[in-house]
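Colleague: Please put the model up so we can go through it together. I've got a few questions.

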Amino acid sequence: MLSKVAKVFVASILSVLLLSSFAVAEIKVNNPYENVKWDSFGQYKGNLHTHTNHSEKYNPSALKPEQLILEYSNRDYDILAITDHNTLTWPWDDYTKENSLKMLPVQGNEISNTHHLLSLFSDFNTTMSNEKEVLKQIGEKEGLAIMAHPGRYNASSKWYANLFVTYPHLVGMEVINQGDRYQDDREMWDKTLSVLPPDNLCWGFANDDTHKVEHIGRDWNIFLLPELTEEDLKDSMITGAFYFSSISTLENVVGCPPIINEINVDEKLNTISISAQNSQKVVWISEGNIIHIGDSVNYKNAKGMGSYVRAEIIGEGGVSYTQPFGIKK
Ligand SMILES: [Zn+2]
Ligand SMILES: [Zn+2]
């Protein structure tokens with residue numbers, strides 16, 4: 001027989017064990033939209049990868065900077081970067097004399113002697129061929145970087161993951177480029193997300209990579225910003241407070257791609273829920289596999305849930321993609 005003291009002792013040990021097992025079972029979500037105020041923030045349409053005739057002097061269909069700016073402005077874009085190959089097309093004063101600029105211009109270029117890299121928000125330029133050195137120097141300039149069209153290369157997911165962990169200003173990779181010409185881009189995104197820590201994921205971007213007028217307006221990013229300023233844009237690119245839309249990944253689109261009204265993470269119910277206009281189906285993907293279909297996913301119970309989950313919202317007018325949510329078990 002145990003003494004009363006021993007019984008109390010055993011009981012308290014058991015309750016500590018029980019409580020700590022609950023603590024282990026708790027799952028935390030890294031929500032890139034955590035700070036988004038859906039009812040007051042603006043949704044700003046942006047393209048961060050375009051070329052002018054400064055990239056291709058001898059291509060007759062290449063656009064002059066003033067034409068490119070006007071084409072995007074006429075399509076109601078809010079944010080535009082000109083990213084000529086190893087060339088800074090900046091400032092834009094000479095190109096916007098004829099028309100008032102309604103968009104937020106982003107300084108940048110496409111570093112092209114390496115794995116192509118978008119260098120944004122600085123005057124950095126180089127013909128160096130070492131990705132790590134290039135990324136280090138973009139960081140020193142307080143710029144942000146995006147890996148362009150990974151589907152063109154044969155790099156491994158571990159190589160990408162190592163770069164994302166080492167260089168925090170490398171914010172993401174393009175997963176839709178120029179009308180989805182490299183369809184393996186999203187596969188590489190999922191592979192890279194699968195090996196990254198859930199609190200250090202990489203964001204997906206959709207860009208036209210415009211080389212001629214026919215490339216304009218097929219895929220874009222929607223940045224969720226308090227104000228249309230460079231500071232707020234940079235913040236949203238760092239935290240992942242944006243989503244992207246595509247009309248090139250579906251055939252015969254009608255209308256416009258889904259517009260996200262709200263994303264809500266409920267830590268009591270263990271759910272992530274999406275409300276979107278023009279949505280027909282929400283598909284949830286983890287570790288490259290579809291794990292659930294429906295407006296809401298239970299991140300604790302869903303079978304196949306790995307270290308991240310992301311959603312593709314499919315409508316008649318196209319597909320909109322959320323950023324990945326980190327799932328910390
Ligand atoms: Zn490129
Ligand atoms: Zn390009």
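Colleague: Is D209 buried or exposed?
Modeller: Bear in mind this is a predicted model: local features need pLDDT of at least 70 and side-chain atom pairs 80 or more, while totals for chains, interfaces and linings use all residues. Residues count from 1 along each chain as written, chains are lettered from A and ligands numbered from 1 in written order, and side-chain values use heavy atoms, without hydrogens or water. Buried means under 20% relative accessible area, exposed over 50%, partly exposed in between, using a 1.4 Å probe and protein chains only. D209 comes out at 2%, so it counts as buried.

Colleague: Which protein residues are donors of the zinc ion (ligand 2)?
Modeller: Donors are N, O and S atoms within 2.8 Å of the metal (3.2 Å for Na, K and Ca); water isn't among the atoms, so sites may look incomplete. At 2.0 to 2.3 Å from the zinc ion (ligand 2), the protein donors are H49, H51, E110 and D209.

Colleague: How far apart are the two zinc ions that E110 bridges?
Modeller: E110 bridges the zinc ion (ligand 2) and the zinc ion (ligand 1). The two lie apart by 3.5 Å.

Colleague: There are nine aromatic pairs; is F223 with F242 stacked, edge-to-face or tilted?
Modeller: Phe, Tyr and Trp rings (six-membered for Trp) pair if their centres lie within 6.5 Å; planes under 30 degrees apart are stacked, over 60 edge-to-face, the rest tilted. Here the centres are 5.1 Å apart and the planes at 35 degrees, so the F223 and F242 pair is tilted.

Colleague: And what is the angle between the planes of F244 and Y321?
Modeller: That pair is stacked, 4.9 Å centre to centre. F244 and Y321 have their planes at 5 degrees.
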